[in-house]
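Let's take a walk through a protein chain together. Have a look at the picture first, and then we'll go through it piece by piece.

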Amino acid sequence: MAQRVHILVDADACPVKEEIYRVAYRLEVPVVIVSNAHLRIPAHPLIERVTVSDMFDAADDWIAEHTDAGAIVITADILLADRAIKAGAAAVIGPNGRPFTANSIGSAVAVRAIMSDLRAGGDRVGGPPPFAREDRSRFLSALDEAIQRVRRRSG
């Protein structure tokens with residue numbers, strides 16, 4: 001049986017929530033905003049809020065447990081992206097519009113581990129580049145494309 005497309009958002013630090021809402025309204029796709037803290041969301045039947053405990057990885061755990069073949073997961077968290085891919089997500093997209101795929105996630109996890117080791121050793125390493133207008137545009141295109149792809153597949 002085909003899974004209905006839906007969006008799961010790792011929302012605590014997500015800079016593209018407004019864009020997600022706009023796409024959800026236009027394409028009539030349900031969205032679940034998952035966070036550790038109470039976030040304001042639009043009063044709309046397509047938008048649901050899930051506030052989990054403030055325990056470490058509680059939001060990630062909830063998202064991973066609710067990921068299925070119809071889920072499009074939005075996260076900047078590489079380890080959550082890995083879990084979502086392994087759980088069978090239809091797509092996993094970073095807020096910058098870059099997709100996480102089964103082919104790319106292994107190297108992303110490895111780079112994350114190396115950077116973490118360097119920081120733990122006292123090295124100063126830069127973080128990701130600042131979020132830019134191009135990232136927002138790329139995200140909108142990637143989300144729209146992912147939804148259309150899942151709908152065609154579920155036909």
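What follows goes from the whole chain down to a few of its residues.

Keep in mind that this is a predicted model. The chain has 155 residues, and 41% of them are buried. Its secondary structure adds up to five helices and six strands, and if you trace the sequence from start to end, you meet them in the pattern β-α-β-β-α-β-α-β-β-α-α. As for contacts with a separation of 6 or more, 51% are between residues 24 or more positions apart. On the outside, the chain exposes about 8,900 Å², with carbon and sulfur atoms supplying 53% of that area.

Let's begin with helix 1, which covers residues 17–27. Its buried residues are Lys17, Glu19, Ile20, Tyr21, Val23, Ala24 and Leu27. In an α-helix there are 3.6 residues a turn, so residues three or four places apart point the same way. What covers the buried residues here? Among the elements doing so are strand 1 (6–10), strand 2 (31–35), strand 3 (47–51), strand 4 (71–74) and helix 5 (133–154). Right after helix 1 comes Glu28, whose phi is positive, at about 55°.

Helix 5 deserves a quick stop too, since that is where you'll find Asp144. The side chain of Asp144 makes a polar contact of 2.8 Å with the side chain of Arg26. Leaving aside residues up to four places away in sequence, Asp144 touches Arg26 and Leu27.

Now hop over to strand 2 and pick out Ile33. Is Ile33 buried or exposed? Ile33 counts as buried because its relative accessible area is 0%, and the cut-off for buried is under 20%. Setting aside residues up to four places away in sequence, the residues Ile33 touches are Val9, Ala11, Tyr21, Leu39, Ile41, Ile47, Glu48, Arg49 and Val50. One of these, Tyr21, is also among the buried residues of helix 1.

Finally, there's strand 4. Ala71 and Val73 point one way from the strand, Ile72 and Ile74 point the other way, and all are buried. Strand 4 runs parallel to strand 1, joined to it by four bridges, and Val73 of strand 4 has Leu8 opposite. Strand 4 also pairs with strand 5 (residues 91–93), again in the parallel sense, over three bridges; here Ile72 stands opposite Ala91. How does the chain get from strand 4 to strand 5? Helix 3 (residues 78–86) joins these strands in a right-handed β-α-β unit.

Conventions: Residues are numbered from 1 along each chain as its sequence is written. This is a predicted model: local features need pLDDT of at least 70, side-chain atom pairs count only at pLDDT 80 or more; totals for chains, interfaces and linings use all residues. Side-chain values use heavy atoms; hydrogens and water are left out. Helices (H or I, at least four residues) and strands (E, at least two) are DSSP runs, numbered from the N terminus. Buried means under 20% relative accessible area, exposed over 50%, partly exposed in between (1.4 Å probe, protein chains only). Contact means heavy atoms within 4.5 Å. Accessible areas come from the Shrake-Rupley method with a 1.4 Å probe; for residues, only the protein chains shown count as cover. A polar contact is a pair of N or O atoms within 3.5 Å; within protein, one must be able to donate a hydrogen and the other to accept it, and residues adjacent in sequence count only if both atoms are side-chain atoms. Two strands pair if DSSP finds at least two bridges between them. A crossover is right-handed if, with the strands pointing away from the viewer, the path from the first strand over the helix to the second runs clockwise.
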